[in-house]
Structures are given as structure tokens and as C-alpha cells.
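Dear colleague,

I am passing on the structure we talked about, with the sequence alongside. Please open both before you read the notes that follow.

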Amino acid sequence: MSLALLTIFGSSFVIALSGALMPGPVLTVTVSESARQGAKAGPLMIFGHGLLELALVLALLGGLAPFFTREEVFIFVSLLGGAILLWMACMMFRELPGLKLKLEEDDQKPRSLILSGILLSLANPYWFIWWATIGIGYIMYSVKFGIPGIVAFFTGHILADLAWYSLISFGVAKGRNFFTDRFYRRLIGACASFLFVFSCYFFYSGLERII
């Protein structure tokens, strides 16, 4: 592999990791589902997330890039994303009193982790904003090196997500033997509060562009 491709891979990994470290809907559900379904939750969520991003990269290469930079698209994504994040926060707050940090089967049907990774990525306005700015710029640079450049970019990007979310999922799943149910409810409550705050922010961002 040439130095240029190594540089693309390494920088893509670091930039993606910095984004993965920021809390969001995918991280919130990864925490809750890791407690219910085990350490597989993180990798499966990122698998779904990665499928969506691969489709987006192909779409951007196919000429969709200008669409993501339009004002009306930003407004729509901000308002819809804010509504979805608000709904998620309310549902999590409602379930708080009965939450338990166990991997045992319960009455609730297990969540489809791959599908959740796709839908929750779509529910996060920052995902669209990142790809409409940093993502497009990176693709335009990587494509100068042909298919190997795009592969290096995407591989570094998705491996950063996979590494971080696998670590989070493993830590939560194994930590169930040390964390109390009270601690778990507080953790999920904190995540729900974060989603609520960000839903307000996205509503404000969208309405500000309209006004």
C-alpha cells in the first residue's frame, strides 16, 4: 500500500473515531441493547450503520453530492431528526422505572440490531451534516487515487466506528456483573437527557433557517 493510501486510511480512522466518541442515538441504543443482548450489540449496530454509509458513499460518487448541501434538505433533516430524537428520549424516560441490567429474556421482542443501526443513523442530523461537509470533501480527495483510495477511506472510517462501539458493547455487557440496576437506570436516564437536549438543538437549527 502506498504512502498516500496509508495516509488516507489513518486520517480517516482518526477523524471517524473523533466523531464516534461523541454521544448520539446509535451509542444510546448500543448501551441499552448491550445490557439486553450482550457484546454482539455494538458490532451488529455498526454493521447496519456501515451498510447505510456504504450506500451513501456510492450515491455521492454517483452524483448526489449537491443534494446534501441544499438549504431545504438541511431544514427537513433538522426538524425530522429533532422529532425522532425527542420521541426516543420520551420512550426511554417512560421505561426508566422498570429497567434492569440483565441479559435474561423479557417480554419485549428483541430489537433488530442491524436495522437499528441503519434507522438510528438516519435519525441523527449530525450524520447528514458530517457527510454533507467532511464526508464529501474526503471522498473528493480519495477518488483521485481511484478505487483503492475510496476503499482506504471507507475502511479506515468504518473500522473506527467498529472499534469504539465494540469496546462500549463489551464493557456494558461484561459490566453487568458489577453495575447495579440503579446505576444502569441513571446511565440510560443520562442518555435520554442527552437526546432530549439535542432534539431541542436540532429543532432550533431548523427553525432558525426558516425564520
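A residue counts here as buried when its relative accessible area is under 20%. By that cut-off Tyr138, with a relative accessible area of 13%, is buried. Please keep in mind throughout that this is a predicted model.

On the overall architecture, the protein has 8 helices and 0 strands, and reading along the sequence gives the pattern α-α-α-α-α-α-α-α. Of its 211 residues, 44% are buried, while the exposed surface comes to about 11,200 Å², with carbon and sulfur atoms supplying 72% of it. Among contacts with a separation of 6 or more, 91% are between residues 24 or more positions apart.

Tyr138 brings me to the aromatic residues, where a search of the whole structure finds 4 aromatic pairs. One of them joins Trp131 and Phe153, whose ring centres are 6.0 Å apart and whose planes stand at 85 degrees, so this pair is edge-to-face; Trp131 belongs to helix α6 (residues 125-142) and Phe153 to helix α7, 22 residues apart, so that the pair links distant parts of the chain. Another joins Tyr138 and Phe153, with ring centres 5.3 Å apart and planes at 25 degrees, and it is therefore stacked. Because Tyr138 lies in helix α6 and Phe153 in helix α7, this pair ties together parts that are 15 residues apart in sequence. Ring pairs thus link Trp131, Tyr138 and Phe153 into a cluster. Trp131 is buried at 1% relative accessibility, and Phe153 is buried as well, with a relative accessible area of 0%.

Helix α7 also carries His157, which is buried with a relative accessible area of 5%. Leaving aside residues up to four places away in sequence, His157 touches Ser12, Phe13, Ala16, Glu53, Trp130 and Trp131, and the last of these is also a member of the aromatic cluster.

Finally, how does helix α7 (residues 146-175) pack with helix α2 (residues 25-37), and at what angle? The two helices pack at about 35 degrees, with their axes 8 Å apart, and their crossing is right-handed. On the α2 side the contact is made by Val26, Leu27, Thr30, Val31, Ser34 and Ala35, and on the α7 side by Trp164, Tyr165, Ile168, Ser169, Val172 and Ala173. The residues of this contact divide into 9 nonpolar, 3 polar and no charged.

With best regards

Conventions
Residues are numbered from 1 along each chain as its sequence is written. This is a predicted model: local features need pLDDT of at least 70, side-chain atom pairs count only at pLDDT 80 or more; totals for chains, interfaces and linings use all residues. Side-chain values use heavy atoms; hydrogens and water are left out. Axes are lines fitted to C-alpha atoms, for helices over the stretch in contact, and angles run from 0 to 180 degrees between N-to-C directions. Helices (H or I, at least four residues) and strands (E, at least two) are DSSP runs, numbered from the N terminus. A crossing is left-handed if the near helix is turned anticlockwise from the far one by less than a right angle, and right-handed if clockwise. Contact means heavy atoms within 4.5 Å. Ala, Val, Leu, Ile, Met, Phe, Trp, Tyr, Cys and Pro count as nonpolar, Asp, Glu, Lys and Arg as charged, and the others, Gly among them, as polar. Buried means under 20% relative accessible area, exposed over 50%, partly exposed in between (1.4 Å probe, protein chains only). Accessible areas come from the Shrake-Rupley method with a 1.4 Å probe; for residues, only the protein chains shown count as cover. Rings of Phe, Tyr and Trp (its six-membered ring) pair if their centres lie within 6.5 Å; planes under 30 degrees apart count as stacked, over 60 as edge-to-face and the rest as tilted.
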